[in-house]
Amino acid sequence: MAGLDERTAVRRRRQILTIGLVAAFMTLLDVSIVNVAIPSIDRAIHADPSDLQWILSGYALTFGLMLVPAGRFGDARGRRNVFMLGLALFTLTSAAAGLAESPAWLIGARLLQGAAAGLVNPQVIGLIQQLYRGAARGRPFGLLGATIGISTGVGPLLGGALIELGGQHLGWRLVFFVNVPVGIATIAFAWRLLPAGPGRRAGRKDLDPFGVLLLGLGVVLLLLPLVQQRQWHGPLKWLLIPGGLLVLLGFVGWELRYRRRREPLFDLALFRLRSYSLGTLIGLLYFGGFVAVFFLFTLYLQAGLHYTALEAGLAITPFALGSAVTAALGGRIVNRFGRPLVAIGLATVALGLGAVILALHFVPGRGAPLATALPLLVAGLGSGLVITPNQNLTLSEVPVGQAGSAAGMLQTGQRIGAAAGIAGVGAIFFSTLAATHDGWSRAFRDALLATIGFVVVALVAAIVDSWTERPGTPAGPGRTR
């Protein structure tokens, strides 16, 4: 922003932030919007259960795989170039998904679409770190948190509306095509407004290709059995998880050795920052429960209670609205309250989800959406006080030059948590469903108890962090631990 007067610089920062939020919204929306389109896709292209699982989870797999390398690449070569490359690829692969004529075509498009989303997202957080300092990051991170909450929660609603608009044959294609005009417009504005890449010295940073390979292989081995746990039968698939942990241990050893000579893919010294290590753990645990709620509730309403895609999307909307309201507020007040604000948010989410279970006990069956509206709103209000403040605190002490890779590792943890949550909670859901002969309400309640378990463990971590914080340490970003 050098050479601009203060008013022009502020306006330019807001414009760049808007571009980043639109891109984040598009890419995160595609995590949940496809859930309600699965029945239509099944009928249109005759996909079997394994195909449908890959259409849903392949996106998350390649999304998580790309985050840290993309963050590092943006730090080294300029966030503008990586952001625009990722956004262009996301737009093209969205069009390809909408044109799909076979399951293999759609799966391939979704894998590439997820990789493109993984390129984009670390750059958004990196740009916020680059353009704002200290307490000023509260507002943009608050808006980013609201974007995460809205995109995840409104996905089923928007997907249902598009399917209602386009019908069973065209509606699911509109779910993907909607990204194309928005993507083209965002690329045009990004070309004009985003700051140029780093100077020549920054551009000479090594990209650590062997570190990229080890981290990618470790993440794939961890995620594959989780995203395929219903399609791959037998216990042998779980051997991939210890295999993945061994590869990640090798990644740690490589990075420690590589750091002696050059700058590594990810600086493990960041985990010495208590704000970063605790925040990454809380994010992993919370997303294990957070994402599973949307997956299970839309499945319960559509498959169990035979609601339409639009009705299922409307039912989850109170959570998204509550999250949007408090996420923006949380970003503004986190500097005053610090980690205790995250603990309050987690406790509120647990109470809200517990109230959902009580509501379903007293009003089972077709009355579920109305009975759960207020509890879901309460849970959403709590969620907004978790995602944004935790992200702000986690990245508060990270140097700007490492913002992309640090954000990528944080989001990788969230993607692993989400996959583990859906796999674990989903296993409880389907095993209860099989044992109770289509007892959808009980299956959903049992799975929701497991979801609350993820939230409670994250709450314990936040409370421990709050209790053990040194007296007199400032609450907000910029504190030293």
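# Two helices and a cavity

Q: Hi! Which residues in α11 meet which in α12?
A: Tyr-286, Phe-290, Phe-294, Phe-297, Leu-301 and Gln-302 of α11 meet Ala-309, Ala-312, Ala-315, Ile-316 and Phe-319 of α12, where contact means heavy atoms within 4.5 Å. Helices here are DSSP runs (H or I, at least four residues), numbered from the N terminus. This is a predicted model, where local features need pLDDT of at least 70, side-chain atom pairs count only at pLDDT 80 or more, and totals for chains, interfaces and linings use all residues. Residues are numbered from 1 along each chain as its sequence is written, and side-chain values use heavy atoms, with hydrogens and water left out.

Q: At what angle do the axes of α11 and α12 cross?
A: Roughly 145°, and the axes come within 8 Å. Axes are lines fitted to C-alpha atoms over the stretch in contact, and angles run from 0 to 180 degrees between N-to-C directions.

Q: New topic: how many cavities of 30 Å³ or more are there?
A: Six, and the largest has a volume of about 80 Å³. On a 1 Å grid over the protein atoms alone, a cavity is a set of points where a 1.4 Å probe fits but cannot get out, and lining residues have an atom within 4 Å of a point. A volume is the space filled by probe spheres set on the points, which are joined across faces, edges and corners.

Q: And what lines the largest one?
A: Among the lining residues are Leu-28, Ile-148, Phe-287 and Arg-415. Helix α15 gives the largest share, three residues.

Note on methods:
On a 1 Å grid over the protein atoms alone, a cavity is a set of points where a 1.4 Å probe fits but cannot get out, and a pocket is an open set with protein on both sides within 12 Å along at least five of seven lines; lining residues have an atom within 4 Å of a point.
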